[in-house]
Amino acid sequence: MLRLITDFDGPIMDVSERYYRVYQFCLQQIQHPEQSVQQLDKAEFWQLKRSRVPEKQIALKSGLDETQAQEFAQLRRKTVHTDSYFQYDILIPGAVEALLKVQQAGIDLAVMTMRRVKELDYAVKKYDLGSFFPKNRCYCLENDYVKTSDVEDKPLLMQWALAELPAAADTWMVGDTEADIAAAKKYGIKVIAVESGIRDRTQLEIYQPDFIVQDLSTAVKLILESGRVEIG
């Protein structure tokens, strides 16, 4: 049996609008009355995020001072995963079609994400993804889980998944961050990094995934070709 474990945000969901809306909100909240700021446009903001420019630097670049930049970074951390902003996430073009191809090929499919249960449930329900990801193929954080860092927490999710899932002859991981790559590498799983998420190619290359491709569709094509899986 062939298995694909995919991250959710990045390969399947485009989170750029959520992050940008939170940036706008934090900038508005932290700036002083009458203070002139330089709000970045979405393309520039997202490019900075994907190249891992720190939050404080983004704040300074937007016209806030050092103290404000610190406050901005703290407010952003508190806000970006709050319920009211998840509505801005949208599906990556072609992601659902790619998941359908995986299903049609008889590949075992699981999702592994740093979202909490309620955050994953919300998106799965909103975009009708339940047929791809039944509960016994969803690996995410409990609602009350205290996060450490993605690079530490994601391998724990992988450990949980591998202990629970039926044995597979071959397993692939698709993700968009260093945490996905670390989780896969720790357990000797082949990993494909996608450029459709929150890291650009330069950042992904640092962590040496097996492949870097444009998106989930391209990753699935690569997996199908490598396994010579015929789509029925």
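**From a helix pair to a buried strand**

In this predicted model, helix 7 (residues 150-164) packs against helix 8 at an angle of about 45 degrees, and the axes of the two helices are 8 Å apart. That angle makes helix 7 oblique to helix 8, and the crossing of the two helices is right-handed. These values follow a general habit of description, in which two packed helices are characterised by the angle between their axes and by the distance between the axes.

Helix 8 also leads us to the strands. Together with strand 6 and strand 7, helix 8, which spans residues 178-186, makes a right-handed β-α-β unit. Strand 6 (residues 170-175) and strand 7 run parallel and are joined by four bridges, and within this pairing glycine 175 stands opposite alanine 193 of strand 7.

A second unit begins where strand 7 is left behind: strand 7, helix 9 (residues 201-206) and strand 8 make a right-handed β-α-β unit as well. Strand 8, which covers residues 211-213, runs parallel to strand 7, and three bridges join the two. Alanine 193 appears here again, since its bridge partner in strand 8 is isoleucine 212. Strand 7 is thus bridged to strand 6 and also to strand 8.

How many of the five residues of strand 7 are buried? Four of the five residues in this strand, which runs over residues 190-194, are buried, so strand 7 is largely enclosed by the rest of the structure.

The loop between helix 9 and strand 8 holds aspartate 210. Is this residue buried, exposed or something in between? Aspartate 210 has a relative accessible area of 45%, and because a residue must pass 50% to count as exposed and fall under 20% to count as buried, it is classed as partly exposed. Although aspartate 210 and methionine 173 are 37 residues apart in sequence, their C-alpha atoms are 10.0 Å apart in space.

Let us turn finally to helix 5, which comprises residues 95-104 and in which Ala95, Ala98, Leu99 and Val102 are buried. These four residues cover an arc of only 100 degrees around the axis, which puts them on the same side of helix 5. The general reason for such a pattern is that an α-helix has 3.6 residues a turn, so residues three or four places apart point the same way. Just after helix 5 comes glycine 106, which takes a positive phi of about 75 degrees.

Note on methods:
Residues numbered from 1 in each chain as written. Predicted model: local features only at pLDDT ≥ 70, side-chain atom pairs only at ≥ 80, totals over all residues. Heavy atoms only, no water. Buried < 20%, exposed > 50% of the residue type's maximum accessible area, 1.4 Å probe, protein only. Pairing = 2+ DSSP bridges. Right-handed = clockwise from strand over helix to strand, strands pointing away. Arc of directions from axis to C-beta. Axes fitted to C-alpha atoms, helices over the stretch in contact; angles between N-to-C directions. Parallel < 35°, antiparallel > 145°, perpendicular 65-115°, else oblique. Left-handed = near helix turned anticlockwise from the far one by under 90°.
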